[in-house]
Amino acid sequence: MPEYTNFARKTLVRDGPIETIPRSPFVELGVTSPFSFLRGASDAIELVLSALELGMDAIGIADRNSLAGVVRLHSAAKGAGLRPLIGCRLDLTDAPSLLAYPRDREAYGRLSRLLSLGKMRAKKGECELSLADVADHAEDIALIAWPEDLDLFETELRRLREALPSLHHVAASYLYRGDDAARIERLDRIAKVSGCTILATNDVHYHAPERRPLQDVMSCIREKVTIATAGYLLNANAERHLKRCSAMMRLFDRWPQAIEATRGFADSLNFSLDELRYEYPLETVPQGRSPQQHLEHLTWDGAGARWPDGIPPKVLKQLRHELKLIEKLDFARYFLTVHDIVAFARSLDPPILCQGRGSAANSAVCYCLGITAVDPATSDLLFERFISEERKEPPDIDV
């Protein structure tokens, strides 16, 4: 992205305060990033900087059955002064797709659990979700129905509305296929009959038109065809990019409510990734003990089992140092959570091979808990590579 390099430096890396961006009349919500594997052809920074140049004050992200791309878009948008809108696209097995945007922290948790449910049912890289699954998790999640075949959608929208009373919007895109006016007009009528409003989106797959060739190549890889034989598997044009608010308003001049709906929808979302904090299960701590007390109990029990003839002085000193720092940084529940996962894996019949690796091997506490297999009595540990006061974040134990 050479054309964005200097702009990115000026916009995302600033010493002074970021200027307030005026509210835009249109907000793009149907954005696909590279985390929609082999579909999105522009990364978060490219999308955010384009949105900024085009006059938007907010941008949504809706990757397919995934929240994997939200952190990068959140960081890029915050750095540029835009408001990031966090969501995903739910491709259902028995109903049209939905864009799902949580309105608050609790709704984000429900959306995350819904995606976990769908992925646990399917093989790696896939997700199996039904309309009933969405209905069970839909509280305070703002939804947008995504039509494909309008003949089917007219019937399906009634079923969607019955299952999801909170569904009030239907996505409408100007596809430059010759029938756009008639198609959007019909979609508007279908939406009104079911008590919904059409909502404008450009079904964005890349930040600028010149990125279309890359998206075509990615589509060929996804569909296992060549450019020469892909045919209608490719988009008919290079219009699936972010567009200026004035351009979207011109395209939807006959349906101003579709533009207004994007602003109202965006304004209804109150969730930010800034609200998330590290949270660990309480079940790992028995009643009557604090997390630190229980961690120390397990650590000294483990040390006794590792060295039944007595803990070597070198290890004793290391354990005291580590436990003191863990207490100071309040990381005890993190260690207890990983210990619980490892213990569960080894309790199965047959047991699952489960062992920590990477920087965690520098921890004597991890060795005593049975998480890692590097003996601190025979090794020179670099514990500060694993936990450091300066990093201000929990360690990363790869298991």
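Start with the whole chain, coloured by pLDDT: the mean is 92, and 95% of the residues reach 70 or more. Keep in mind that this is a predicted model.

Now select residues 1-11. Here pLDDT stays under 50. Over this stretch the model has 20 contacts beyond four places in sequence.

**The cores**

Next, show I59, L90, L157, L160, L164 and F252 as sticks. These are the residues with the most contacts inside the largest nonpolar core, which has 65 residues. Centre on L160. Leaving aside residues up to four places away in sequence, L160 touches A95, P96, L98, L131, A145, F153 and L167.

Then move to L295, V342, C366 and I397. They are among the 33 residues of a second, separate core.

**A cis peptide bond**

Go to the loop between α14 (332-347) and α15 (364-368), and pick out P350. Look at the bond leading into P350 from D349: this peptide bond is cis, with omega near 0°.

**Two positive phi angles**

Select D140, in the loop between α5 (131-137) and β4 (141-146). D140 is not a glycine, yet its phi is positive, at about 60°. Is D140 buried, partly exposed or exposed? D140 counts as partly exposed because its relative accessibility is 34%, and the partly exposed range lies between 20% and 50%.

Last stop: K224. Find this residue in the loop between α8 (212-223) and α9 (227-230). K224 also has a positive phi of about 60°, although it is not a glycine. With a relative accessibility of 74%, K224 counts as exposed, a label that requires over 50%.

Methods
Residues are numbered from 1 along each chain as its sequence is written. This is a predicted model: local features need pLDDT of at least 70, side-chain atom pairs count only at pLDDT 80 or more; totals for chains, interfaces and linings use all residues. Side-chain values use heavy atoms; hydrogens and water are left out. A nonpolar core is a set of buried Ala, Val, Leu, Ile, Met, Phe, Trp, Tyr and Cys residues joined through side-chain atoms within 4.5 Å. Buried means under 20% relative accessible area, exposed over 50%, partly exposed in between (1.4 Å probe, protein chains only). Contact means heavy atoms within 4.5 Å. pLDDT is the predictor's confidence in each residue, from 0 to 100. Helices (H or I, at least four residues) and strands (E, at least two) are DSSP runs, numbered from the N terminus.
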